[in-house]
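Hi there,

Here is the structure I promised to pass on. Have a look at it first, and then read on for what turned up.

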Amino acid sequence: MTESKLREEICWFGKSIYDRGLTAGSSGNISARVDDGWLMTPTNSCLGRLDPATLSKVDEKGAPISGDKPTKEAFLHLSMYGQRPGAGAIVHLHSTHSVAVSVLVDIDHENPIPPLTAYYVMKIGRLALVPYYAPGDLALANAVREVAGRHHAVLLANHGPIVAGKDLETAVYATEELEETAKLYLLLRGQQTKLLTVEQVAELHRRFPA
Ligand SMILES: [Zn+2]
């Protein structure tokens with residue numbers, strides 16, 4: 001895909017995400033890999049009103065090349081790309097249901113949302129939860145770096161999800177699957193539930209390798 005097409009696609013997905021209330025105000029950010037670095041959504045930008053011409057472009061170290069100043073959370077994206085050389089795009093949202101799950105006290109940090117559906121297993125697999133750190137704290141980037149080699153989807157406690165994909169569409173759809181599954185998980189709290197078994201999960205990984 002050409003860079004200009006990718007710029008348009010970032011704006012199209014940003015508007016789609018914003019219009020459906022998957023992130024509010026100026027929250028959330030998107031990045032995608034290009035030949036000479038990364039495109040990122042600018043700091044304080046609303047995903048509903050992105051301009052392809054003013055998206056930030058940064059080099060491998062995160063230094064600005066062109067466009068508006070990048071998102072304050074650029075370091076989170078870069079720490080994840082560092083562990084996932086095959087990732088072409090990353091989406092980070094403050095999506096309500098995923099954030100709600102990240103705030104619960106009694107969840108497993110290694111597996112905060114259990115395998116409720118086949119598509120959750122296929123698009124997310126096993127989610128990791130990292131502890132809370134203030135936005136901009138480099139400890140948050142370090143915590144993401146620690147788990148990102150093993151998990152392409154990470155939930156930041158009291159903050160939101162960050163999800164990598166081979167391309168932008170894959171990363172967006174996986175983030176949406178996570179949000180919908182978080183909603184299901186909350187709907188089912190306190191109910192007796194039948195999760196997918198270890199064998200069923202293994203079969204999905206066999207049939208649909210990531
Ligand atoms: Zn955030």
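Does phenylalanine 13 count as buried or exposed? Phenylalanine 13 has a relative accessibility of 4%, so it counts as buried. Please keep in mind that this is a predicted model.

Tryptophan 12 has a relative accessibility of 56% and therefore counts as exposed, the cut-off being over 50%. Tryptophan 12 and phenylalanine 13 form an edge-to-face aromatic pair, with 85° between the planes and 5.1 Å from centre to centre. The structure holds three aromatic pairs, and ring pairs join Trp12, Phe13 and Tyr173 into a cluster.

Now to the sheet. Eight strands make up an open sheet with mixed pairing, in the order E4-E3-E2-E1-E5-E8-E7-E6. Why is one side of E4 and of E6 left without a neighbour in the sheet? Strand E4 (64-66) and strand E6 (128-130) stand at the edges and each has a single partner strand, so one side of each stays free of a neighbour there. On average, neighbouring strands are turned by 25° against each other, direction ignored.

Within this sheet, E1 (residues 29-34) pairs with E2 (residues 37-40) in the antiparallel sense, over four bridges. There, valine 34 stands opposite glycine 37 of E2.

Two helices that pack on the sheet may interest you as well. Helix H1 (residues 3-19) touches E1, E2, E3 (56-58), E4 and E5 (89-92), and its direction makes about 160° with that of E1. Helix H3 (residues 96-103) touches E6, E7 (153-156) and E8 (160-165), with its direction at about 65° to that of E7.

Best wishes

Key
Residues numbered from 1 in each chain as written. Predicted model: local features only at pLDDT ≥ 70, side-chain atom pairs only at ≥ 80, totals over all residues. Heavy atoms only, no water. Phe/Tyr/Trp six-rings, centres within 6.5 Å; stacked < 30°, edge-to-face > 60°. Buried < 20%, exposed > 50% of the residue type's maximum accessible area, 1.4 Å probe, protein only. Pairing = 2+ DSSP bridges. Axes fitted to C-alpha atoms, helices over the stretch in contact; angles between N-to-C directions. Contact = heavy atoms within 4.5 Å.
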